[in-house]
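Student: Could you take me through one part of this structure closely? I would like to see how the pieces there fit together.

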Amino acid sequence: MNTKRNSLGLVTIHKDMTKKGILLSFHNNLEYTLAKDEFTATGYDDYLAVAMAIRERLVERWIATQQQYHKENAKRVYYLSLEFLIGRLLGTNILNLGLGDETKNAMLDLGLDVDELRDFEADAGLGNGGLGRLAACYLDSMATLAIPAHGYGIRYEYGIFNQRIINGYQVEFPDEWLRRWNPWEFPRPEYTVKVKFFGRAYMSHDENGKLVARWVDTDDVLATPYDVPVCGYKNDIVNTLRLWSARSTEEFDLSYFNDGDYERAVYNKMSTENISKVLYPTDNVSQGKELRLKQEYFFTAASMSDIIRRFKIENSSLRDLPNKAAIQLNDTHPAIAVIELMRVLVDEEGMDWDGAWETTINTFAYTNHTIMPEALECWPVSLFEKILPRHLQIIYEINFRFLQEVARNFPGDNDRLRRMSIIEEGEQKRVRMSHIAILGSHSVNGVSKLHTELLKTRLFRDFYDLFPEKFNNKTNGITQRRWLEKANSRLSGLITEAIGDKWVRDMYQLEKLKDFKDDSSFIEKWHKVKMANKVVLADYIYRTTGVEVDPQSMYDVQIKRIHEYKRQLLFCFYVISQYLRLKKDPSSSFLPRTFIFSGKAAPGYFMAKLIIKFINSVADVINKDKSLHDRIKVVFLENYRVSLAEKIFPASDLSEQISTAGTEASGTGCMKFMINGAMTIGTYDGANLEIAEEVGHDNIFLFGLKADEVQGLRLCGYNPNAYIEKSSDLTDIFNLIRSNFLSPVEFGLFEPIVQSLTSSDYFLVCADFDAYHAMQESVSRLYKDRDKWTRKTIINVAKSGKFSSDRAVREYAKDIWHAPCKKL
């Protein structure tokens with residue numbers, strides 16, 4: 001036993017952090033926990049044994065951290081998110097505990113490779129994309145900065161889905177990530193919470209004559225928590241991610257069972273437990289909408305109950321809640337938590353309305369992640385009335401009082417009242433969840449400078465006019481520990497060799513790399529690192545797709561959720577233009593490129609799924625055309641996930657960030673490419689603009705319309721055909737698609753794409769194509785000068801410090817949460 005001081009005080013350490021100690025734990029776990037020996041143990045058993053050895057070292061630090069938080073009665077930060085895309089945890093936990101060499105050498109003594117063991121771990125299927133990955137990065141930074149924090153979400157039994165590409169089409173399969181035991185989670189049945197649904201709500205007088213609300217005849221669901229430890233970087237701080245799993249209050253109906261109706265006997269149990277079954281059920285049918293709303297209330301109600309339980313351990317008056325709890329709403333999904341806290345404070349705790357509303361506002365803060373109105377959640381009033389009748393009553397009361405305030409400030413402005421109301425009038429009345437989040441929070445932040453300005457001047461302008469003090473910007477960030485030190489050990493090793501390892505805790509330290517941008521020896525080492533990573537990815541591509549790609553070619557990459565506004569079509573049109581160029585002039589000077597796509601489309605999103613088929617059809621034509629002499633290759637890597645992203649980012653040369661200006665709130669993929677030494681080609685959108693501010697406009701490739709120009713073009717009547725007619729490249733591309741060259745067996749397959757782009761082209765693919773094409777020519781010219789390109793990539797990494805999640809979280813802690821935060 002030894003005693004070690006962590007960021008909060010003294011922690012007694014029992015577990016040996018040496019290679020010998022890890023070996024001992026490994027053998028004990030294999031024999032006594034798994035009941036296996038060297039003859040019967042499988043590779044998965046070996047993974048579990050080493051995971052449990054690391055887990056043991058996490059647990060003692062976890063317990064000590066939580067004890068210290070309670071002892072200090074520290075103010076807690078609660079991060080509510082419907083997604084946490086945490087990925088695999090073995091490598092991250094080894095890294096953050098500082099056990100990389102010890103674990104690697106211990107496994108080598110056993111003839112095992114720790115990297116191979118990591119591949120036995122399933123990617124935790126708790127998110128869809130950027131929103132969930134951002135939440136995971138922020139949890140990492142909160143622990144590293146010693147902020148007393150808890151994440152709250154849902155323990156989905158099935159993640160978003162596993163994607164396979166069959167005959168070019170996306171086919172979805174269940175993501176059974178919990179099929180085998182998850183060594184990183186700890187069930188906490190003692191903290192199970194009862195969550196109510198349905199029933200009826202009415203007002204009555206209690207025995208003292210006070211008017212009180214009643215919510216009765218409800219259907220109840222049990223929320224059982226599972227805790228995942230979140231380890232800070234080499235500071236012995238371990239925070240908690242608490243995920244809720246739905247259970248029925250009854251295992252089965254005995255009367256149906258006794259009558260032999262076995263399916264009916266377990267129907268209620270199965271129906272109840274569907275709440276935590278799958279991430280993002282299809283919500284274009286009524287059952288899907290109902291389940292989605294139930295999911296959002298389920299996890300927020302359970303979380304609010306848990307937060308209040310924890311508060312009451314050391315505190316008495318709930319009026320002091322804002323001094324001990326800061327609750328961050330990660331987008332609009334958890335906005336119902338505002339109403340739930342009001343219900344608890346008024347109905348269960350007997351607090352007066354005004355006091356409850358003041359407490360609620362001072363406790364909550366809201367991060368908005370979209371500027372597209374159609375992406376903001378609105379629920380039918382009829383659905384709310386059915387599932388959460390008491391909450392609808394509270395919403396009506398909040399809305400009534402709020403509209404009175406608006407009328408006082410803007411007398412006679414009925415249009416403003418209509419726009420700002422929580423209830424959207426129309427044929428079907430709807431509850432605007434973003435309005436609830438804004439009204440019930442003391443802070444409303446965007447996630448990039450442009451995004452925040454658009455919130456203030458467009459989407460939420462009326463609210464900004466009334467509450468300007470609420471609005472602020474917090475540009476997104478990523479954790480360099482996951483996305484550089486862990487994902488790209490070759491590059492992180494070179495960086496540490498050059499400037500030391502302080503950058504792992506303070507990403508601004510990377511700026512020291514600028515001193516090496518003209519060092520020929522360093523440039524050569526940098527280039528060799530990139531080539532080694534490209535070889536690794538080329539091997540993966542061949543093993544998974546059968547396509548051979550040349551590591552000497554430029555790896556031009558777009559990996560993200562498939563959506564029309566992200567404009568995978570624009571990228572694919574450029575690919576086609578290069579194919580046609582080579583077919584017309586095979587002897588032309590041409591920079592070989594490997595075009596890499598990856599991403600999932602929502603199962604119910606027809607156009608996005610057709611785009612995936614379109615990309616794969618283009619790939620099929622190009623990859624089979626021997627006359628190209630392998631100068632172009634196109635690959636679509638299926639089942640995009642965190643572990644795949646960790647292979648792609650280190651090998652990428654060019655990062656495609658080409659969403660229509662004014663549609664991408666921030667984006668974090670651009671930051672992951674940046675710190676891994678890729679150049680960016682992008683629009684004047686999201687975080688691209690802030691990357692340009694950091695690196696200078698000569699170290700990024702920006703093109704196309706700006707956000708105000710996009711709006712102006714739409715307002716004056718955009719005609720995509722005018723752009724097609726004056727662009728010979730676009731004309732040739734559309735002619736090729738219409739000729740069914742890309743769909744020789746399924747005539748007209750891609751006609752919906754043609755119709756969409758020629759009739760409306762809402763996301764302005766045609767308007768931006770020629771500018772994009774011209775900028776790509778600039779990219780090719782620069783890439784041919786290897787040393788100049790490499791110098792620019794060094795500058796990009798050197799100037800990436802701003803985009804650390806540590807910086808972002810520190811700003812949240814200082815400006816919004818007013819929570820303690822460790823100085824680096």
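Tutor: Happy to! Let's start with one residue pair: Glu-424 sits opposite Arg-430 of strand S17. Keep in mind that this is a predicted model. The strands S16 and S17 (residues 430-432) are antiparallel and are joined by 2 bridges. Stepping back, they belong to an open sheet of 3 strands, ordered S15-S17-S16, with antiparallel pairing. Strand S15 (378-380) and strand S16 (423-424) are at the edges with a single partner strand each, so one side of each has no neighbour in the sheet.

Now for the helices. Helix H1 (residues 19-33) packs with H2 at an angle of about 120°, and their axes are 8 Å apart. That angle makes H1 oblique to H2, and the crossing is right-handed. On the H1 side, the contact residues include Gly-21, Ile-22, Ser-25 and Phe-26; on the H2 side, among them are Asp-45, Asp-46, Ala-49 and Val-50. Sorted by class, this contact has 7 nonpolar, 4 polar and 4 charged residues.

H2 also leads us to helix H3 (residues 90-97), where 8 of 8 residues are buried. The buried residues of H3 pack against helix H2 (43-72), and also against helices H4 (100-109), H5 (114-118), H6 (130-144) and H20 (480-486), as well as strand S11 (219-231). Among those buried residues are Thr-92, Asn-93 and Asn-96, along with Leu-90, Ile-94 and Leu-95. Just after H3, Gly-98 has a positive phi of about 75°.

Methods:
Residues are numbered from 1 along each chain as its sequence is written. This is a predicted model: local features need pLDDT of at least 70, side-chain atom pairs count only at pLDDT 80 or more; totals for chains, interfaces and linings use all residues. Side-chain values use heavy atoms; hydrogens and water are left out. Buried means under 20% relative accessible area, exposed over 50%, partly exposed in between (1.4 Å probe, protein chains only). Helices (H or I, at least four residues) and strands (E, at least two) are DSSP runs, numbered from the N terminus. Contact means heavy atoms within 4.5 Å. Two strands pair if DSSP finds at least two bridges between them. Axes are lines fitted to C-alpha atoms, for helices over the stretch in contact, and angles run from 0 to 180 degrees between N-to-C directions. Angles under 35 degrees count as roughly parallel, over 145 as roughly antiparallel, 65 to 115 as roughly perpendicular and the rest as oblique. A crossing is left-handed if the near helix is turned anticlockwise from the far one by less than a right angle, and right-handed if clockwise. Ala, Val, Leu, Ile, Met, Phe, Trp, Tyr, Cys and Pro count as nonpolar, Asp, Glu, Lys and Arg as charged, and the others, Gly among them, as polar.
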